[in-house]
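Reader: I am a first-year student, and whole folds overwhelm me. Please pick one part of this model and take me through it closely, with each term explained as it comes up.

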Amino acid sequence: MYSIDGDFGKVRHIPLPIGFNTLQADVPFHISVGGWHCCNEKYHFIRESGFDSGHLLFFSVSDGGRLQFSNGNIIKIPASSVAWIPPGIPHSYFTASGENWEFYWLHIAETPALQLKNIFRDSFCITLSDITEISREIENLFHSKNKNPRRFGRLL
């Protein structure tokens, strides 16, 4: 794990070479890496070619997050929501002006795309009733010394 603090905020990056979870029903997926960020308006990440090795999920703890696609559409990522970026989709994500954005993120591989499309339907962001339990599950995974394949909770 590494941590970086700067004028943009705080970042923790956690390599998770092996880890399985259940999104919904019994569909396993592989988590390759994850992290926690608490960033201000100076934080802006651009992927002009998209993410080619899987899916990206954001679990937003606070308001302030924005997701922008190459067509110019900007999606607000509010508190207690989950945003999804499929592989190969050019995008950027950032913190809105004057705000802070706290979120967890996971890079996911081997997830059936149809399962994620069913969860997110025609959207790239869904709101949950509470993200506290999910945050706790992700933190537990980050701090676990056992990185063997396993399941933890249901994220969605």
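Author: What follows is a close look at one strand and its surroundings, with a short visit to a helix at the end.

This is a predicted model, in which local features need pLDDT of at least 70 and side-chain atom pairs count only at pLDDT 80 or more, while totals for chains, interfaces and linings use all residues. Residues are numbered from 1 along each chain as its sequence is written, and side-chain values use heavy atoms, with hydrogens and water left out.

Start with the whole chain. It has 2 helices and 12 strands. Both are DSSP runs, numbered from the N terminus: helices are H or I with at least four residues, and strands are E with at least two. Along the sequence the pattern reads β-β-β-β-β-β-β-β-β-β-β-α-β-α. Of the 156 residues, 48% count as buried. Buried means under 20% relative accessible area; exposed means over 50%, and partly exposed is in between (1.4 Å probe, protein chains only). Take the contacts between residues at least 6 apart in sequence: 73% of them join residues at least 24 apart. A contact means heavy atoms within 4.5 Å.

Now the part itself, strand β10. It covers residues 91-95. It belongs to an open sheet of 4 strands, in the order β5-β10-β7-β8, with antiparallel pairing. Two strands pair if DSSP finds at least two bridges between them. Which strands stand at the edges? They are β5 (44-47) and β8 (74-77). Each has a single partner strand, so one side of each is left without a neighbour in the sheet. From one strand to the next, the twist averages 15°. For such angles, axes are lines fitted to C-alpha atoms (for helices over the stretch in contact), and angles run from 0 to 180 degrees between N-to-C directions.

Look at the β5 side of β10. The two strands run antiparallel and are joined by 4 bridges. One partnership links H44 to F94 of β10.

Next, two residues inside β10. S92 sits in this strand. Its relative accessible area is 6%, so S92 is buried. Beyond residues up to four places away in sequence, S92 touches H44, F45, I46, R66, L67 and Q68.

Y93 is in β10 as well. Y93 counts as buried, because its relative accessibility is 6%. Leaving aside neighbours within four places in sequence, its contacts include Y43, F45, F58, R66 and W101. The C-alpha atoms of Y93 and Q68 are separated by 6.1 Å, though the two residues are 25 apart along the chain.

Why look at two residues in a row? In a regular strand the side chains alternate between the two faces of the sheet.

Y93 leads on to the rings. One aromatic cluster is formed by Y43, F45, F58, Y93, W101 and F103. The whole structure holds 10 aromatic pairs. Rings of Phe, Tyr and Trp (its six-membered ring) pair if their centres lie within 6.5 Å; planes under 30 degrees apart count as stacked, over 60 as edge-to-face, and the rest as tilted. Take F58 and W101: the centres are 5.8 Å apart and the planes at 40°, so this pair is tilted. F58 lies in strand β6 (residues 55-60) and W101 in strand β11 (residues 101-109), so the pair ties together parts 43 residues apart in sequence. F58 is buried, at 0% relative accessibility. W101 is buried too, with a relative accessible area of 0%.

Go to the far end of the sheet order. Strand β7 (residues 65-69) and β8 run antiparallel, joined by 4 bridges. R66 stands opposite K76 in β8. The hairpin of β7 and β8 has 4 residues between the strands, and there G72 takes a positive phi near 95°. S80 is in the loop between β8 and β9 (81-85). S80 has a positive phi of about 55°, although it is not a glycine.

Last, helix α2. Its 12 residues (132-143) should span 16 Å at 1.5 Å a residue; the end C-alpha atoms are 17 Å apart, which agrees. The expected span is 1.5 Å times one less than the number of residues. The buried residues of α2 are I134, S135, I138, E139, L141 and F142. Seen down the axis, they fall within an arc of 160°, so they line one face of the helix. That arc is taken from the directions from the helix axis to the C-beta atoms. S135 is buried at 12%, and it touches V61 and Y104, not counting residues up to four places away in sequence.
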